[in-house]
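Colleague: I would like to learn how to read helices and a chain contact in a model. Could we work through one together?

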Amino acid sequence: MGLRLAATRRRLVAGAVALVLLGGAGAATAVVTGSPEPVHRSDQRLTMPDARIDTSFFTTGPSDRRRPAVLLGHGFGANKDELTEQAEQLARDGYAVLTWSARGFGKSTGRIGLNDPKGEGADVRRLVDWLAERPEVQLDGEGDPRVGVTGASYAGAAALLAAGQDKRVDAIAPMITYWDLADALFPENVYKKLWAGVFFTTGSLAPDGDQRGVPGRSGADENPGDPPRRGGGNSAERPQTRPHNGCGRFQAELCRMYERVAESGRPDAEARKLLAERSPAAFADRIRVPTLLVHGQSDSLFPLDHGDRIARAVSGNGAPVAVDWIAGGHDGGDNEIDRVRQRVTSWFDRHLRGDESVDTGPAFRVSRTGGINSTNGSATLRGASASDYPGLRAGTVDVPLAGPQQTFRNPPGAGPPSLSTIPGLGGGLDQLRSFNVSISQDMPGQFAAFRSKPLERSQRITGTPTATVHVRASGATDRTRDGSGTEAVLFGKVYDVAPDGRRTLPSQLVSPVRVTGADEGRTVRLRLPAVDHEVKAGHRLELVVASTDLAYASPLQAADYTVSLADPALSVPTASAVRAEAAAFPWWVWGLPLAGALVAAALLLTARRGRGGPRPGRAETDPELADVPLEITGLSKRYAGSADRYAVRDVAFRVEKGQVLGLLGPNGAGKTTTLRMLMGLITPDAGEIRIFGHAVRPGAPVLSRVGAFVEGAGFLPHLSGRANLELYWRATGRPAGDAHVEEALEIADLGEALDRAVRTYSQGMRQRLAIAQAMLGLPDLLILDEPTNGLDPPQIREMREVMIRYAETGRTVIVSSHLLSEVEQSCSHLVVMDRGRLVQAGPVAEITGAGDSLLVGLAGEPDAERLAKYAEQAAAVPGVTSAEPAPPPEGGLLLRLDGATPADVLGALVAAGLPVERFGPNRRLEDAFLTMIGGPSA
Amino acid sequence: MNRHLEAAPGYRPGHTLPLRVEAVRQLRRRRTLVMGGLLAALPFILLIAFAIGDGDRPGRRITLMDTATASGLNFAAVSLFVSAGFLLVIPVALFCGDTVASEAGWSSLRYLLAAPVPRWRLLWSKLVVALAFSVAAIVLLPLVALAVGTVAYGWGPLRIPTGGALPADEALLRLGLAVLFIVLSQLVTAGLAFWLSTRTDAPLGAVGGAVGLVILGNVLDAVTALEDWREFLPAHWQFAWLDALQPELVWDGMVKGTAVSLAYALVLFALAFRGFGRKDVVS
C-alpha cells in the first residue's frame, strides 16, 4: 500500500502523462533518451468494465524481439508514475514492462476495491490479455504471455492475487504486502486504528485523477523530471475534490465497513469477511508459481508473520519461495531499494527467462542493522542468510521469566495510552535504535512486567517469541454482542533491557490480543511480534503486558487486569541456521589496495637501476684490475636540464697503488662531478669506473673500501662531533674495532670541541672532522676534495704530510684542487681537467716537462756579463746539464738537472761562490697548467 | 692489503644503517622532542580547559565533547577527537617528510650513500623509523590522555554521547582499534610526505607539501557535489574511527578508509623507492 506518510512532499504528476492523448486507441509514444540504451515508452488508457486504466509500456531494442513481460504495480496512494525509473531499468534488463495505475489512483478511473477480484483482480487479467497481443512479448501459448508480476504493498497483494487467479502468471515478487488484510487491520480482532485510519483516509482523499494532498513517503524515488504541480494554483482548472459520501473513490461497501468499525473501535465478523475475501489468503491453494517475498522488519502495518504465512502457503503448493527481510518497511527505515531491485531482476531472470546460471540468492535472508557509519551518518546493514526458510519459530530456547502476579488498570477512555508503534515513524528510528534510543513508553500502572536474568551469552531472536500468561479482568463491562462475556484487550511486547536500565523495543512492534471471558480468568498464549534482534550478553529480556496502546483501539471502560505467568518461560526462536554473511564491501575495498600493490610492484620492477656499473659486455669484476685502486674509462655525464653541455666528457685515467693523485682543474672543470660518480652518488651517462676492479654503481659494496670527503662536510648538526663519527661508523655496519677512531680524531684535532654539537663548529673544524670521517676505517682509497679549504697554514702543511704518509702505507689518495700549489707539493701524479675534459694525466714531472729544473735567484741583481759567468760556473756543477739566465721577470739562473738532487746542486753552487738568494723549483707546472687550460681544449 | 676484496672486511649491505642507529640519529633531534612534548602536553591543556570551562549548555547537539569528563576513557576519546583531524597529521608529515630531505640538506646524505648504504636500505631504515616515530606520536596522545583522564575523572566505562556506555575493558579495546585506524589512515600522509622527502632537499617543502595536500583533501571532501567520488579521498574517512566508539561496532567506514589509505600509500612509497633508486644525489 505504500502509504505515504512521514514525508511532506506532495505527489507529482509525471510530465510525460500530459502528452498522452485521451482514449483507448490514442497512444503517444516517446523515446526516453539520455540513458545508456533508449527505452521506448508508450502510454495508453485501456477500457475496463467501470473503469479506464492508465498504463505505460516500456521496451528497448527492436519491437519484434519477443521477451518476457513484467507487470509492475504501485503502492496505495501512489500511481504508475512512481514506477517509471524502475520500469526503465527492467526494460533495459530485457523485459517488456507494463505499469499501470490501479483503479481510483492516478489517471485511472473507477472505485478502489482493495484488490477486489472482480475489480482490480480482473484488471490485471486484462492487462495480461493485452500483453499477449504485443509483438514484443514472448508467449507460452496462444494468449498466454510469459509474465511476472511485482510491486510493493498494495501491488504486492495484487501480484499474489494475480498468481492465484490467473494461471498465465509465471513468477511473482510481492514486497511488503499482506496475506490477509483482515488480519493486518484487525489483528486478533483488535482494531489497528492508526494505520486503518491513515489507510482509509488516504483513499478517501484521493481526488479525481490526482493524488495531490496525499503525503508521500516510500522508498521509490520521485521522478526527477516531473514538473512540480502544487495544489491551490490550478484548482480552478480541474474538478474539485468531491468525496463520495466522505469515501473518496472507495467502493461504498468498503466505506461503510470502515465507518462502522472505526466508530465502534471493534471489528465485526462481516468486516473481517469483506476484507478476507479480497485478500491473497483466499486464493492460498492456487498460488503455485516461484515467489520472491520481500518483507519489512520495520512494518507494523504488514508485519513479518504475513510474509511467513505466504511463504508457508506457496511452498506448501510446491512452488519455490525465497524470503527476504529488509531493514525498512511501512514504518520507514532503509528499504534497500537497489539490492531488492537487483534481487527481483535475478528472480525473473531465473524464473521468467529461464536462465539457470542466475543466482537468485538464499532461500532466506535478513538484513541486520549495525551501528552508524559516522562518516555519512547512515545505519549499516549486514545480511544473514540460511539455505532454508526457518519460519518464525525455529530453534526455540526457553528464557526463564520471573515476576509476581500483577494487577494493573485499563484506564477509562483507554488513555493516556502506552506508546510503541507510530505508523511511519517506528522504523525510521533505525539509527536511533542502534544508539539504544527507544521512543516506546509504558504508562505507569497500566502494565505488568516479567523479567529474565541477565543473559550469559548474547542471543539472537529471529521470529516470534511466545509466552503464556494467565489473565483475569475485573470491573470490565465491555460485553461482546454475542454475549461471550467480559473482554480484555492486552498488548504484549518484549523489551531488551541493558545493564544500565535502558529499554529497547525491537522494531517498535507490539502484539495485541483480545481475551474473551476474561472475567473468569483465561490462560492466553501470547504470540509476540516477529523480529530479528540480538540481545547482548548481560542484557535482560522483559515481557510487558499492557492495557493500552496508541496505535490500537482497546476497550474504553475502566477495568483492572490481573496477569501472572502461566508458564515461567519465554520461548524465543533463535533460527541458529541463519548465518551472518560476510560483510559486503564494495569491490574496491579489496580491489583498491590490490591495485595499489600492483602499481607499486610495477613501479619498483620497472625502475631503471642498472645505470652505472660495467660497460656492456664487460664483467662486473675484473680480477686483473684488483690491485688498481681506480680506473676510469670513457666517462661522460650530462646533468638533466643541460642536455647540450657535458659536465664530464670522455674522461679516462688510472690511479695506481701508493700514488697521491692530484685532480687539478679550475672551478667547473668537472672534478667534483667525477668524484660524485666515483662515489656512486650520480650515475654516468657513459663509461665506467672501476675501483679495485669492481665496477662502481650506486651503493656498490666496493665503495666500502673508499673514504671520501667531497664538497664540504655533512654532519647532523644537533649531534656532537664524536657522536657524528660514531653514528657514521655504525651506519656502515662494520665492526667497531675496524674504525680506528683515535687515529681519525688525531687528524681532526678538535680537542674539547669534539663533544660539542657540530652546529657550533667553525668551517675549519667541520672540514677537519669531515676528513677524519673519510679516514675512518683507513680506507684503501681516500678521496679528498679541496681538503685545505678553510684550514690555516700550519694545518695545511699538516694535511699535506698526512696525505703523503697515508700513501706511503700502500694506500692511495686522490686530492682534487683548483690550486696548483696544493697538488704540486703533495702529489706524485696529476690529472688535469678543464671544462669537463681530461687535459693531461701523468706523473707530476712528466707534466712539468723532461727532467727537473730549478730557478736560482741571485743577490745584487747581477748584470748580463756577470750572469753569464755565474751560468758557466753553475753548468760546471756535476749533474747539471744546462744553466742559462732565466727570462725576466724572474731573473737569476735556470738550471736543468740530470741525476743531481737539488740539495747537492745548492751545496755546489754555494761552494762555487754564487750569491744564491732564492732557490726553488721552476714554476713550469703553473705555466703548463695555464697553457693547457687556456688552449682550445674544449 | 685487501687484495681482491669486493668490500671492506665486515661490510654487509643489509647491515648498513641499522634501525637502531637511524632511531638514535632522529631521536635526539629537537623537532622530535618538541613534537613529543607537545602531544604529551595536550591532554593537560585540555584538562585545564575543561576545568575552567562550564560544560553545561542544554539544547545543543550532543557530541563526544560533552562526555569528556565522564571517565578517563572518555577523556582519551575526546583528546583523539580534537586532534585527529589535523594535529595528528603533523607528526606523521614531519617524521616522514623530514627524514630524507633533512639529510640532503645537511649533506650527510651523500656520505651515507658513499659509505655505502644501499639506497633501498637507506630508504627502508628511514621509512621504518619514521613510521615508528609516527605511530609513537599517535599512540602517545591517547595514552597520556588516558592516564591524565583516569587520574582526573576516574576509571570507568566509556559513556557514549547518544546514550549507553561501553564497559571499560571493551572500551579500551575499541579505543585501541580507533588508534589503529588512525595510524592506518595516516599511512597516506606518510606516503605523501616520504615521497616528497625524496624529491626535495628542503625538509619544510616536504612536510608542508604533505600537510598542504591533506588540507586540499579536506577541502575537496567538503564539496558534496563530488558525491561518491569523495569515498576515494583519504580525508573522507578521517573520523571513521568514531564508528569504533559506539555501542555497535561498525567496520564499514574504517575498512574503506584503510583500503583507500593503503592503496595510495603503497603507490607513494613505491614512487619514493623508484625515484630515489635512480636519482642523482647532488646535494
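Modeller: Start with the overall picture, and keep in mind that this is a predicted model. Chain A has 938 residues, and 51% of them count as buried. Its secondary structure comprises 22 helices and 41 strands.

Colleague: What percentage of the contacts in chain A between residues at least 6 apart in sequence join residues at least 24 apart?

Modeller: The figure is 74%.

Colleague: Now a single helix. Why does the length of H14(A) agree with what is expected?

Modeller: The idea is to allow 1.5 Å a residue, where the expected span is 1.5 Å times one less than the number of residues. H14 of chain A covers residues 721-732, so its 12 residues should span 16 Å, and its end C-alpha atoms are 17 Å apart, which agrees.

Colleague: Which residues of H14(A) are buried?

Modeller: They are Gly721(A), Asn724(A), Leu725(A), Tyr728(A), Trp729(A), Ala731(A) and Thr732(A). Looking down the helix axis, these buried residues fall within an arc of 155 degrees, so they line one face of H14(A).

Colleague: What covers the buried residues of H14(A)?

Modeller: The cover comes from both chains: it includes H15 (741-748) and H16 (763-775) of chain A, as well as H1 (19-27) and H5 (108-114) of chain B. Just after H14(A) comes Gly733(A), with a positive phi near 75 degrees.

Colleague: That brings in chain B. How many residues does each chain give to the contact?

Modeller: Chain A gives 70 residues and chain B gives 73. On the chain B side, H1, H5 and H10 (252-277) each supply at least two residues. H10(B) has the largest share of that side, with 17 residues. By residue type, the chain B side divides into 43 nonpolar, 14 polar and 16 charged.

Colleague: Where does H10 of chain B appear as cover for a helix of chain A?

Modeller: H10 of chain B is included in what covers the buried residues of H12(A). H12(A) runs over residues 587-605, and its 19 residues reach 26 Å from first C-alpha to last, close to the 27 Å expected.

Colleague: How do the buried and exposed residues of H12(A) sort out?

Modeller: Leu592(A), Pro593(A), Gly596(A) and Ala600(A) are buried. They fall within an arc of 85 degrees seen down the axis, so they line one face of H12(A). The face turned away from that buried side carries exposed Trp587(A), Trp590(A), Leu598(A), Ala601(A) and Leu605(A).

Conventions: Residues are numbered from 1 along each chain as its sequence is written. Chains are lettered from A and ligands numbered from 1 in the order in which they are written. This is a predicted model: local features need pLDDT of at least 70, side-chain atom pairs count only at pLDDT 80 or more; totals for chains, interfaces and linings use all residues. Helices (H or I, at least four residues) and strands (E, at least two) are DSSP runs, numbered from the N terminus. A residue is buried if 20 or more other C-beta atoms lie within 10 Å of its own, exposed if 12 or fewer, and partly exposed in between; C-beta atoms are placed from the backbone. Two residues are in contact if their C-beta atoms, placed from the backbone, lie within 7 Å. The arc is that of the directions from the helix axis to the C-beta atoms. Ala, Val, Leu, Ile, Met, Phe, Trp, Tyr, Cys and Pro count as nonpolar, Asp, Glu, Lys and Arg as charged, and the others, Gly among them, as polar.
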